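These exercises ask you to read a protein model step by step, beginning with single residues and ending with larger groups. Try each task yourself before you turn to its solution.

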Amino acid sequence: QANSETHRKIITELEKLRIKGVSSSEHQPIRQIYVAWGLIKIEDQILFTEREDKQREGIPHFVLPGGRLNMPDLINNLKEFNTTELLKVLQSSSSRKALDSLPKALKRELEEELELNSSEYSVGESFRLDPYFKLEGAGASHAYTCYEISIFPIKLNFNGFRRLSGLSSSKGDEEMLGKNPSVWFTLEEVVRSQKGNKRAFIEAWHKHHENNEGHLLNQLRGLPESFEDNYQFNEMIDIPV
């Protein structure tokens, strides 16, 4: 652990040399990562949580709630597969079985990061970003990586909304919820990837739109709100004081 940053720097330099030594068409990723992000949008603001590796300087620290697909998620979804078959699924590009297992990863991450349980929300149909390639990795696991990211709109019921109500969507205040601090970004702040001194990691989303900020903003505006209040009264009433 004490030498992880030194390991990261050495591996990064080696990977840069490897990539530099071949043509762009021959750039082959060493790591394949599937990611499930949950999109929670309330009053035209979107919820981000702080990354676990928050100590690293020079990188965006805030991401959409969610995380990467891991072996336990696959085991829960593909019970009939053995370890060798599961590893092959996890390390294959655009694997249908891996993509179908992403809701398992999302459910686990929402519970870990936001303490939301599955009875407090429903998951909408996901949309996939184009594969995103970057020299990245947690700890010393640094390598040229292919990220396949699916974004799932989240629909909260009242209990889910109440659980998240500690995060003021009108003020954008930062609060502790679950394990990681969470912050609400306005749609414009999402597009700029910046809220004050807080940077959001949406490079893959920008890349998906060929760095066209207007297209990204239009998509964000078109996404459904995550909570709609159901009024119990349809007519004016008098409440005695």
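**Exercise 1. Is Ser 193 buried or exposed, and where does this residue lie?**

Solution. Ser 193 has a relative accessible area of 15%, so this residue is buried, where buried means under 20% relative accessible area, exposed over 50%, and partly exposed in between, with a 1.4 Å probe and protein chains only. Its place is the loop between α6 and β12 (194-195); helices (H or I, at least four residues) and strands (E, at least two) are DSSP runs, numbered from the N terminus.

Before going on, note that this is a predicted model, in which local features need pLDDT of at least 70 and side-chain atom pairs count only at pLDDT 80 or more, while totals for chains, interfaces and linings use all residues. Residues are numbered from 1 along each chain as its sequence is written, and side-chain values use heavy atoms, with hydrogens and water left out.

**Exercise 2. What is the sign of phi in Ser 193 and in Glu 210?**

Solution. Begin with the background: most residues other than glycine have a negative phi. The phi of Ser 193 is near 60 degrees, which is a positive value in a residue other than glycine. Glu 210, which is not a glycine either, has a positive phi of about 55 degrees. Glu 210 lies in the loop between α7 and α8, and with a relative accessible area of 72% this residue counts as exposed.

**Exercise 3. Describe the salt bridges within helix α1, and then find one that links distant parts of the chain.**

Solution. A salt bridge is a side-chain nitrogen of Lys or Arg within 4 Å of a carboxyl oxygen of Asp or Glu, and a search of the whole structure finds 14 of them.

- Step 1. Lys 16 pairs with Glu 13, the closest N and O atoms being 3.9 Å apart. Both lie in helix α1 (residues 4-20), three residues apart, about one turn of the helix. Lys 16, at 46% relative accessibility, is partly exposed, and Glu 13, at 47%, is partly exposed too.
- Step 2. Glu 15 pairs with Arg 18, and here the closest N and O atoms are 2.6 Å apart. These two also lie in helix α1, three residues apart, but Glu 15 is buried at 5%, whereas Arg 18 is partly exposed at 32%.
- Step 3. Arg 221 forms a salt bridge with Glu 188, with 3.8 Å between the closest N and O atoms. This pair links distant parts of the chain, since Arg 221 is in helix α8 and Glu 188 is in helix α6 (residues 187-192), 33 residues apart.

**Exercise 4. Which residues of α8 are buried, and why do they lie on the same side of the helix?**

Solution. The buried residues in α8 are Leu 216, Leu 217 and Leu 220. They lie on the same side of α8 because they cover an arc of only 100 degrees around the axis, the arc being that of the directions from the helix axis to the C-beta atoms. The buried residues of α8 pack against β2 (41-42), β3 (45-50), α6 and α7 (203-208). At the N-terminal end of α8, Asn 212 acts as a cap, with a side-chain oxygen 3.1 Å from the backbone nitrogen of Gly 214.

**Exercise 5. Which residues touch the most other members of the largest nonpolar core?**

Solution. A nonpolar core is a set of buried Ala, Val, Leu, Ile, Met, Phe, Trp, Tyr and Cys residues joined through side-chain atoms within 4.5 Å. The largest one has 29 residues, of which Phe 48, Trp 205 and Leu 220 touch the most other members. Elements that give two or more residues to this core include β1 (31-39), β3, β9 and α8, and β1 gives the most, with four residues. Apart from this core lies another, of 26 residues, among them Ala 36, Leu 47, Leu 106 and Phe 152. Trp 205 has contacts (heavy atoms within 4.5 Å) with residues including Leu 39, Phe 127, Leu 216 and Leu 220.

**Exercise 6. Where is Cys 146 found, and which residues does it touch?**

Solution. Cys 146 is found in strand β9 (residues 143-156), and at 4% relative accessibility this residue counts as buried. Not counting residues up to four places away in sequence, Cys 146 touches Pro 29, Arg 31, Gln 32, Ile 33, Pro 131, Tyr 132 and Phe 133. For Tyr 132, which is 14 residues from Cys 146 along the chain, the C-alpha atoms of the two are separated by 5.6 Å.

Note on methods: A polar contact is a pair of N or O atoms within 3.5 Å; within protein, one must be able to donate a hydrogen and the other to accept it, and residues adjacent in sequence count only if both atoms are side-chain atoms.
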